[in-house]
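Got the viewer open? Let's take a walk through this one, selection by selection.

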Amino acid sequence: MPAPRTVLLTGAAGGLGTLMRDLLPAYGYRLRLLDLRPIDGEPEAIVADLGDKDAVREAVRGVDAIVHLAGISLEAPFEKILRANIEGTYNLYEAAREEGVGRVVFASSNHAVGFTPRPQGDDPLIPVDAPRRPDTFYGLSKSFGEDLAQLYWDKHGLETVSVRIGSCFPEPTSVRMLSVWMSPADGARLFHAALTAENVEHTVVYGSSANTRLWWDLTTARSLGYDPQDDSEPYAEKLIAEQGELDPENIAHAYLGGHFVSDPPIWPY
Ligand SMILES: NC(=O)c1ccc[n+]([C@@H]2O[C@H](COP(=O)([O-])OP(=O)(O)OC[C@H]3O[C@@H](n4cnc5c(N)ncnc54)[C@H](O)[C@@H]3O)[C@@H](O)[C@H]2O)c1
C-alpha cells in the first residue's frame, strides 16, 4: 500500500479529533474533517451524521485512508449506541468498501476488554488476544467495531488497525490514568504507524504511552513501528498524594475499565 496522504478524520470536533487535527499534519497528511458538529475555524469540515449514508459515502470518496474517531465516547442507552457506533461504523466501512479505501484506523477502546481484571504485583501484562469483556454498551460497540474490521479484511481486503485507546489527554488526571495514559504526541505516533505499516490485515493494538505502570502489552503496537516516547510516571507522586493508591477491593479499581464497570459516565446528548 502506498503511504496515505489524504486522510478522512471522523469525529474531528471531539477531544481526540482536536488533538489529532493539530498533530497529524506534521506527518504529511492532508486531513478531510467530518463531525456531527461544525468546527470553529474549519469551514470546509463536513458536518454530517454517520447515519447519513450518502453523506458518508461522499466523505470517503477519494481519500487514501480513514481515522475513525466519531461516535459516542461514553456510556449511553443501547439505542443511541446502536445508531452512532454500530450502524455508524457499519455505514463508514460500507462506504469505504464501495469507494475502494484501503485502510481504516479504528478508535477502539480499552472498554472492549474493560471487565478484564487489571494486573497486580508481578502479574503479566494483558495481551491483545485476551478475550474481549466489554464493560458497557459503549465497550460492546467497540468490540463490534473490531469484529466488523475483521470481517471487512477477510471478505473485502479492507485493512484496519483497531487501537484500544487507554486515555488520550494532555496530562493524566487520575491514578488509573498512570497506567492507561497515552500522551497526544504518542497518540499521533501510533496513528501514523497504524496508517503506514505494511500488511496490517486486521491488527488490534493497545494505545498508550510507555508508562512505568502499564497494564497491557504494547508489543503488537511496537511491531507496527510505534515507538512511544512518553511515560506518565512524572505525574505519579502528585496524583497518588491527592487520590491515594488504587484499592483492589474497590470494584472501580479492580478491572481494566476502571469505573466504567460500576458507574460509567453517561453521554450528555
Ligand atoms: N479520548 C480517549 O482517551 C479515548 C479513549 C478510548 C477510546 N476513545 C475513542 O476515540 C474516539 C474519540 O474520542 P474523544 O475523546 O475525542 O470523544 P469525543 O466525544 O470528544 O468526540 C467524539 C466526536 O464524535 C462526534 N460524533 C458522535 N456521534 C456522531 C455521529 N453519529 N456522526 C458524526 N459524528 C459523531 C461527536 O460530535 C464528537 O465530536 C471515540 O470513538 C472514543 O470512543 C477515546
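We'll start at the sheet, go on to the helices and the ligand, and finish at two spots further along the chain. Keep in mind that this is a predicted model.

**Stop 1: the sheet**

Switch to cartoon view and pick out the strands. Seven of them make an open sheet, and reading across you get S3-S2-S1-S4-S5-S6-S7, with parallel pairing. Now look at the two ends of that order. S3 (46-47) and S7 (202-207) are the edge strands, and each has a single partner, so one side of each has no neighbour in the sheet.

Next, select residues 6-10 and 30-35, which are S1 and S2. These two strands pair in parallel over five bridges. For one pair to click on, try threonine 10: its bridge partner in S2 is leucine 34.

**Stop 2: S4 and its neighbours**

Select 65-68, which is S4. On one side S4 is joined to S1 by four bridges, running parallel. Four bridges also join S4 to S5, again in parallel. Valine 67 is a handy residue to show here: leucine 9 stands opposite it, and valine 67 in turn stands opposite valine 105 in S5.

Which residues of S4 cover its two faces? Turn on side chains and you'll find Ala65 and Val67 on one side, Ile66 and His68 on the other, all of them buried. In a regular strand the side chains alternate between the two faces of the sheet.

**Stop 3: S5**

Move on to 103-109, strand S5. How many of the residues of S5 are buried? Seven of the seven, so S5 is largely enclosed by the rest of the structure. Colour the two faces separately if you like: Arg103, Val105, Ala107 and Ser109 are on one side, with Val104, Phe106 and Ser108 on the other.

**Stop 4: helix H3 and asparagine 91**

Select 78-99 to bring up helix H3. H3 lies across S1, S4, S5 and S6 (159-165), and runs at about 175 degrees to S4. That angle is taken between N-to-C directions on a scale from 0 to 180 degrees, so H3 and S4 point in nearly opposite directions.

Within H3, click on asparagine 91. Is asparagine 91 buried or exposed? Its relative accessible area is 8%, and buried means under 20%, so asparagine 91 counts as buried. Setting aside residues up to four places away in sequence, asparagine 91 touches Leu50, Gly51, Lys53 and Val56. Remember Leu50, since leucine 50 comes up again at the ligand.

**Stop 5: helix H1**

Select 15-23 for helix H1. Its buried residues are Leu16, Gly17, Leu19, Met20 and Arg21. Show what surrounds them and you'll see that they pack against S1, S2, S6 and helix H6 (184-196).

**Stop 6: the ligand**

Now select the ligand and show its surroundings. The shell has 28 residues, and the closest are Leu16, Asp35, Ser73, Tyr138 and Cys168. H1, S5 and helix H4 (137-156) each supply at least two residues of this shell.

Three distances are worth drawing:

- Serine 73: an N or O atom in its side chain is 2.7 Å from an oxygen atom of the ligand.
- Leucine 50: a backbone N or O atom lies 2.9 Å from a nitrogen atom of the ligand.
- Glycine 14: a backbone N or O atom lies 3.2 Å from an oxygen atom of the ligand.

Switch on a surface and see how much of the ligand disappears: on its own the ligand has 820 Å² of accessible area, and the protein covers 92% of that.

**Stop 7: alanine 193**

Head to helix H6 and click on alanine 193. Alanine 193 is buried, at a relative accessible area of 5%. Leaving out residues up to four places away in sequence, it touches Leu224, Gly225 and Tyr226. Draw a C-alpha distance to valine 163, 30 residues away along the chain, and you get 11 Å.

**Stop 8: tryptophan 267**

Last click: tryptophan 267, in the segment after helix H9 (251-254). Tryptophan 267 is buried, with a relative accessible area of 17%. What does tryptophan 267 contact, neighbours within four places in sequence aside? Gly71, Ile72, Ser73, Leu74, Glu75 and Ala76. Among these, isoleucine 72 is 195 residues from tryptophan 267 in sequence, yet their C-alpha atoms are 6.8 Å apart. Ser73 should look familiar, being one of the closest residues to the ligand. Finally, follow the side chain of tryptophan 267 to the backbone oxygen of tyrosine 269, which it reaches at 2.9 Å.

Note on methods: Residues numbered from 1 in each chain as written. Predicted model: local features only at pLDDT ≥ 70, side-chain atom pairs only at ≥ 80, totals over all residues. Heavy atoms only, no water. Buried < 20%, exposed > 50% of the residue type's maximum accessible area, 1.4 Å probe, protein only. Contact = heavy atoms within 4.5 Å. Pairing = 2+ DSSP bridges. Near = heavy atom within 4 Å. Polar contact = N/O pair within 3.5 Å; in protein donor to acceptor, adjacent residues only side chain to side chain. Areas by Shrake-Rupley, 256 points an atom, 1.4 Å probe, with all protein chains shown as cover.
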